[in-house]
2 protein chains.
Amino acid sequence: MGEKLKQFRELCGEIHDLKIAAAVLHWDQQVNMPPGGAPARAQQVATLNQLGHGMLISEKFGAALEAAGEEVASLDPDSDDTRMVKRTLRDYKIAVKVPNEWVREFGLTTTLAFQNWHEARAASSFKDFAEMLEKIVNLRRQYSEFFAPYDHVYDPQLDFFEPGMKTAEVKAVFEKLRPQQVALVHDIVERGKPVDDAILHQKFSEKKQWDFGEEVVAKIGYDFERGRQDKAAHPFTISFHPHDVRITTRVNPQFLPTAFFGTMHEAGHAMYEQGVDVSLARTALAEGTSYGVHESQSRLFENLIGRSKPFLKAYYPKLQKAFSKQIGSVSLDDFYRAINKVEPSYIRVEADEATYNLHIMLRFDLETALIKGDLAVVDLPDAWNQKIEEYLGLEPPDDANGVLQDVHWSGGYLGYFPTYSLGNLMASQLWEKIEEDMPDIDAQIEKKKFGDLLAWLRENVHRHGAKFYPQELLKRVTGSELDPEPYMRYLRRKYSEIYAL
Amino acid sequence: MGEKLKQFRELCGEIHDLKIAAAVLHWDQQVNMPPGGAPARAQQVATLNQLGHGMLISEKFGAALEAAGEEVASLDPDSDDTRMVKRTLRDYKIAVKVPNEWVREFGLTTTLAFQNWHEARAASSFKDFAEMLEKIVNLRRQYSEFFAPYDHVYDPQLDFFEPGMKTAEVKAVFEKLRPQQVALVHDIVERGKPVDDAILHQKFSEKKQWDFGEEVVAKIGYDFERGRQDKAAHPFTISFHPHDVRITTRVNPQFLPTAFFGTMHEAGHAMYEQGVDVSLARTALAEGTSYGVHESQSRLFENLIGRSKPFLKAYYPKLQKAFSKQIGSVSLDDFYRAINKVEPSYIRVEADEATYNLHIMLRFDLETALIKGDLAVVDLPDAWNQKIEEYLGLEPPDDANGVLQDVHWSGGYLGYFPTYSLGNLMASQLWEKIEEDMPDIDAQIEKKKFGDLLAWLRENVHRHGAKFYPQELLKRVTGSELDPEPYMRYLRRKYSEIYAL
């Protein structure tokens, strides 16, 4: 490595260290911190972020980036170094285009908005939140303007979470997906053989739930020597280095799926981060490449594996043993049907695989309309209710169960929701490729053999970290662009059987 | 507050935030971090320290400090702001006098030395560690030279941990203390009525030990709403803000005193930090004023209270109930004697109150001689063995149980050991003042009433944080200089009764 590249990597390393320090402080706040620590913690995190941002947009860093760019120009365009410079350039461009005053005002607004949203949701009153949301939408629109010209004003929102992704692409994919998914849900509701999931709503020992989840994810490949699991009210995965990737989980003593599928989901995220090549550590490539690709890994383990028959054949007997009183006499088939029950509902986070994307498409439609100015904030509740009727045949009883249910907008996260669906779609695309490369994958899972699967994911996805943009990675691995058909094939096959369609 | 002072405080706040972020990373490493995380963590901490140091010695900070100094010149010299500027000036002077190259080499050397010491101790071979220790002593001597002129070359070592303290003062105090303490131990060993502590060496449930300790320290005043307790191999207390002060404890399932007195000790440290006035947060005054004063608080709760009869009258019945099989039939008097058994031993961390200071004085003698050049590193083991024979009448079986037992020197911590003894002495000085101000303190403790005591400590010690230098604080509270007589009075009274001298 040349001297300039070396110096550049050292600067990147320092910026990365600050980012990770802030991440440790965040983890600690969610998992350990006594409540009294919050105000001081906010200041500590603000200082770390401000210093890191200052270092990134400094002349010194800009010059080092330029020098590194010249040095990698002669290298293989797919080399780690070239890609690292390219990805850092992206972060740099975003950082320098967004003025400090905007960052300060956005931070201040979203801090207040979170509290405001919390109270408005408790009162189930959208009008109490409307003014603040208007402010946020305006700020986000300003944000888009910093990146003009753009194809669509929503593009910069989306690009922040899903580098390189365009609004038009998401729109095209969703337009293919929506009618099929609406029709499937309609079929299930209208003529499916009913599924009863009462067996999942019983009292289940928290400790046994915890232990079972830990045993399973350790077996499928989450390495506890390089990680740990803690309890948190809002579960998340966080990486400080591929050798220190932590998951958190919530346990519901009255509903079995919450903890277990939550743990599987977070372990999917965590194996991605544990699999990043350590040579990429302390660079902009030292993490998963996008929210969408990340979600493909979590959903793959939570749903495509966790809610599958082969997986139940492997682990259901053990689960029955742990909870013999509750499910000792429940057949594997009945349990399989119960954990895959489809039921249109108001609440996104409780949605099943068949309805989940509809919740996302609704939010995508509304977000793009808000940012474009086609929808006024004041008209949002009506638009929401109309969409949910159209997509799910439901009428929300109130704002708390409708337009106010999610925290994201209060935090200014526009452009985030679509990545949940992109993850679902990519998971199925990857899975079809896995089935092609490992025709006996179901048999392996039944035998609790996950080594080949993990090796495949490591080789094709994990080790690259953020080296390839999400669409490029998908194309390299599957040979295809983003495509909703594999997901629809998966849903149709699965639910045709369960609901005898 | 004037504008310049305000700007200065903001800069101090940012430096403080970095220091606290590093502290959170340290706590996490000791308590939670999976082993794989260590190398990345070292880099993160190094980056935070380097940035904080860079900010402290920057021209910008120097100018702000000077401007703030001019502004406080017109204020009451005892105002918080004046003292804050003064204390920050001290930190600044230390930081600017020590060259970056020295800091780097010292950091590198001690990192290697820790590993080296660890192996040398395992092999019980001082000669394997001698070369590295020589390097460390030379570096520490260089450190002293940065602060020339000095009265004694050891002064800058000591001053780092105990601001304002001089080698000559410690020497004078130790010279009064040593003969008395040697004589007392001699008396106990030669003609004391033997004490049997076999009852403490039984199997004690770890959970019950933990719960008992938590209940007691919550009652004496450690606020779990602004703190938490976790397990750690090497217990410590750490403060991120007066509202987030955490303790750690080690539990020995075969020896009852370890966990309980450890928890009392750490809670003593922690109540000091929880008691610092929040208006001092994010400044150089936002922590205890010195290692010695800190140790006075921990020893006060661990020993003067925890190992006292009034305290046992309050809590022994509850302890007996928790461990009825082990100590249900042991009288309070026998238990009191057992936890106060005196036995000269090789190992400092296992030493009782009567012998502890002798271990420290030995180390102080050797450290000053090493730094002054009166003792060569190669001659250290002989000097050690000679001293321990002289002070405790013992001959260490090997280096591991002698000169190699402590980690401190491998970390470059010369000047640290004396603060343990200073803490013991100050605890007794404070206690005599407490008895004067609260003549019924024993009766209060017997009734589990700790509110007045905590209020006294808050008012006189805790709330000031680092506002006053240790000797100044001691003088303000007790009216006296550092004085070994209260400690000797305490020891004589206590052990004359226990050992029927």
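User: Before anything else, what counts as a cavity here, and which residues line one?
Analyst: A cavity is a set of grid points where a 1.4 Å probe fits but cannot get out, and its lining residues have an atom within 4 Å of a point. The structure is a predicted model.

User: How many cavities of 30 Å³ or more turn up in the whole structure?
Analyst: The search finds seven.

User: Which residues lie nearest the centre of the second largest cavity?
Analyst: They are A:Phe212, A:Phe260, A:Phe261, A:Leu319 and A:Phe335, out of 14 lining residues. The volume of this cavity is about 110 Å³. H12(A) contributes the most to the lining, with five residues. By type, the lining has 13 nonpolar residues, one polar and no charged.

User: And the largest cavity, what is its volume?
Analyst: It comes to about 150 Å³. Of its 17 lining residues, B:Phe212, B:Phe260, B:Phe261, B:Leu319 and B:Phe335 are the closest to the centre. H12(B) gives the most to this lining, again five residues. The lining residues comprise 14 nonpolar, two polar and one charged.

User: Changing topic: how many residues does each chain bring to the contact?
Analyst: Chain A supplies 36 residues and chain B supplies 36 residues. The area buried between the two chains is about 2,700 Å², with 58% of it from carbon and sulfur atoms.

User: How many salt bridges cross that interface?
Analyst: Four are found between chain A and chain B. One salt bridge joins the side chains of A:Asp28 and B:Arg246, at 2.7 Å from N to O.

User: Which element gives the most on the chain A side?
Analyst: H1(A) does, with ten residues touching chain B. That side divides into 16 nonpolar, ten polar and ten charged residues.

Note on methods:
Residues are numbered from 1 along each chain as its sequence is written. Chains are lettered from A and ligands numbered from 1 in the order in which they are written. This is a predicted model: local features need pLDDT of at least 70, side-chain atom pairs count only at pLDDT 80 or more; totals for chains, interfaces and linings use all residues. Side-chain values use heavy atoms; hydrogens and water are left out. Contact means heavy atoms within 4.5 Å. Buried area is the accessible area (1.4 Å probe) that two parts lose on being put together, summed over both. Helices (H or I, at least four residues) and strands (E, at least two) are DSSP runs, numbered from the N terminus. Ala, Val, Leu, Ile, Met, Phe, Trp, Tyr, Cys and Pro count as nonpolar, Asp, Glu, Lys and Arg as charged, and the others, Gly among them, as polar. On a 1 Å grid over the protein atoms alone, a cavity is a set of points where a 1.4 Å probe fits but cannot get out, and a pocket is an open set with protein on both sides within 12 Å along at least five of seven lines; lining residues have an atom within 4 Å of a point. Grid points are joined across faces, edges and corners, and a volume is the space filled by probe spheres set on the points.
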